[in-house]
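Grab a pencil and work through a few exercises on empty space, packing and burial. Try each one yourself before you read its solution.

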Amino acid sequence: MYGAVPKITKVATDIPSLQVARSPAKQIYDEIIIPDLLEAEKSTLPWKDATGKVSMGAVKSILADVYLTYAGAAINGGAAAYTESAKRSLEVVTKGGYTLFPNYTDMIIPANKNSGEFIFQVQFAAAIPSTNPLTSLMIPNFSKTSKYADEYGSVWPTAQFLASFPAGDKRRQERQFFYTSDNNINDNTTVTFTHPYVYKFYDANAVKNTSRSDLNYTIYRLADVMLMYAEASNRAEGGPNSTAKGYVDQIRGRANLGILGALSVDAFEQEVWSQRYWELCFENKMWFDMIRTRKVRNDITGNFDNFVGHTTVFNATFAEKIYCSRYQNKI
């Protein structure tokens, strides 16, 4: 996120030791992040943990993500890092224990926390004061459709983003990833919103009864890791193998999209990026994908523009300084 940062490996004991210059991002990865995760990989952590503690599956997922980022534009680590990423992500998928939920709405059932598709989540519970804030954050502003006094309504998809989904994509359908209406909490009449809102964090019991969400917040889920493997193996091997293609087809299949035909390295990569763009929307993945790829999906053209120079639907143009990883390296 910040590129070059001070390399701090021990507690400061005097003022001079607080005056630490920045080290290049590659050095931080090489000397702290990757060795730390490789050490964790040697541990006796269980493959899964239904209580939400760190598991070996989580460690492998993080390593896959780190190596994929390292391989890409953030560090330009190249083929060897793509290979390491593919190795870890493939382990997560093939060793078992994690399965794609049949339905997208399975992800907003609190009873499914830390199970099924979920590999690593931030833990929330309705019984304690700090509950998941995203449920209320996504409720349409002053809609009177919930028990929450603070219906923030501050996050919603643009019309251009919604239109970018392929025709027939289930993720775009009502009450899958988004919704356009709900019932008034007082008289049960239908409230139609001025535009679609995000349904991914809709905890029905919290919205209609308790105003205390019991949903967790997901850091890694299986669909994410499957797409990591598809991207990393494609670059490591110079083309998509049948396993990578099969994983993307599973993601597409759940969305009611057809299987892929033969694709080139670049075309397959862009298909993977597109599936990440739609599948993982509003899960705080896109900024890191942009750091890794230096690309932005253009909702109007469907192309992947260079990050620097991309003009948004709000008529703002991305400059180099917005790309924090590079910008911070230059300070």
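The exercises below go through cavities, pockets, a helix pair and some single residues of this predicted model.

**Exercise 1.** Find out how many cavities of 30 Å³ or more the structure has, and describe the largest cavity.

*Solution.* Start with the general idea: rolling a probe the size of a water molecule over the atoms shows where empty space is left.

Step 1. Search the whole structure, and three cavities of 30 Å³ or more turn up.

Step 2. Take the largest cavity: about 200 Å³ of space lies in it.

Step 3. List its walls. There are 16 lining residues, and Met107, Lys200, Phe201, Thr218 and Glu283 are the ones nearest the centre.

Step 4. Ask which elements help out. Strand 3 (118-122) and strand 6 (217-221) each give two or more residues to this lining, and strand 6 has the largest share, with three residues.

Step 5. Sort the lining by class: eight residues are nonpolar, five are polar and three are charged.

**Exercise 2.** Do the same for the second largest cavity: what volume does it have, and which residues line it?

*Solution.* Step 1. The volume comes to about 70 Å³.

Step 2. Walk along the lining. Lys48, Asp49, Gly52, Lys53 and Ser55 are among the lining residues. Tyr98 and Asn114 also belong to the lining, as do Phe118, Ile119, Phe120, Gln121 and Gln123.

Step 3. Sort them: four are nonpolar, five polar and three charged.

**Exercise 3.** Describe the largest pocket and the second largest pocket, and name the element that gives the largest share of each lining.

*Solution.* Step 1. The largest pocket holds about 990 Å³ of space. It has 40 lining residues, with Phe161, Tyr277, Met286, Met290 and Asp299 closest to the centre.

Step 2. Helix 4 (134-137), helix 9 (265-279), helix 10 (286-293) and strand 7 (295-297) each put two or more residues into that lining. The largest share is six residues, and it belongs to helix 10.

Step 3. By class, the lining of the largest pocket has 25 nonpolar, seven polar and eight charged residues.

Step 4. Now move to the second largest pocket, with a volume of about 680 Å³. Of its 30 lining residues, Met1, Tyr29, Ile33, Thr69 and Phe288 lie nearest the centre.

Step 5. Helix 1 (25-41), helix 2 (56-71), strand 6 and helix 10 each give this lining two or more residues. Helix 1 wins here, with seven residues.

Step 6. The class count for the second largest pocket is 18 nonpolar, five polar and seven charged.

**Exercise 4.** Work out how helix 2 and helix 7 pack, and which residues make the contact.

*Solution.* Step 1. Know what to look for: two packed helices are described by the angle between their axes and the distance between the axes.

Step 2. For helix 2 and helix 7 (residues 222-237), the angle is about 40° and the axes are 10 Å apart. Their crossing is left-handed.

Step 3. Helix 2 makes the contact with Ser61, Ala64, Asp65 and Leu68, while helix 7 uses Val225, Met228, Glu231 and Ala232.

Step 4. Sort these contact residues, and you get five nonpolar, one polar and two charged.

Step 5. For the spacing along a helix, remember that an α-helix has 3.6 residues a turn, so residues three or four places apart point the same way.

**Exercise 5.** Decide for Glu283 and Ile108: buried or exposed?

*Solution.* Step 1. Place Glu283 first: it sits in the loop between helix 9 and helix 10.

Step 2. Its relative accessibility is 10%, so Glu283 counts as buried, the cut-off being under 20%.

Step 3. Check its partners. Not counting residues up to four places away in sequence, Glu283 touches Lys200, Tyr217 and Arg221.

Step 4. Ile108 lies in the loop between helix 3 (79-94) and strand 3. With a relative accessible area of 12%, Ile108 is buried too.

Step 5. Beyond its neighbours within four places in sequence, Ile108 contacts Tyr199, Lys200, Phe201, Tyr202 and Leu215. Ile108 and Asp203 are 95 residues apart in sequence, yet their C-alpha atoms are 6.1 Å apart in space.

**Exercise 6.** Which residues of helix 10 are buried, and what follows the helix?

*Solution.* Step 1. The buried ones are Asp289, Met290, Ile291, Arg292 and Thr293.

Step 2. After helix 10 comes Arg294, with a positive phi near 55°.

Conventions:
Residues numbered from 1 in each chain as written. Predicted model: local features only at pLDDT ≥ 70, side-chain atom pairs only at ≥ 80, totals over all residues. Heavy atoms only, no water. 1 Å grid on protein atoms, 1.4 Å probe; cavity = no way out; pocket = protein on both sides within 12 Å on 5 of 7 lines; lining within 4 Å. Points joined across faces, edges and corners; volume = space filled by probe spheres on them. Helix = DSSP H or I, 4+ residues; strand = E, 2+ residues; numbered from the N terminus. Nonpolar A, V, L, I, M, F, W, Y, C, P; charged D, E, K, R; others polar. Axes fitted to C-alpha atoms, helices over the stretch in contact; angles between N-to-C directions. Left-handed = near helix turned anticlockwise from the far one by under 90°. Contact = heavy atoms within 4.5 Å. Buried < 20%, exposed > 50% of the residue type's maximum accessible area, 1.4 Å probe, protein only.
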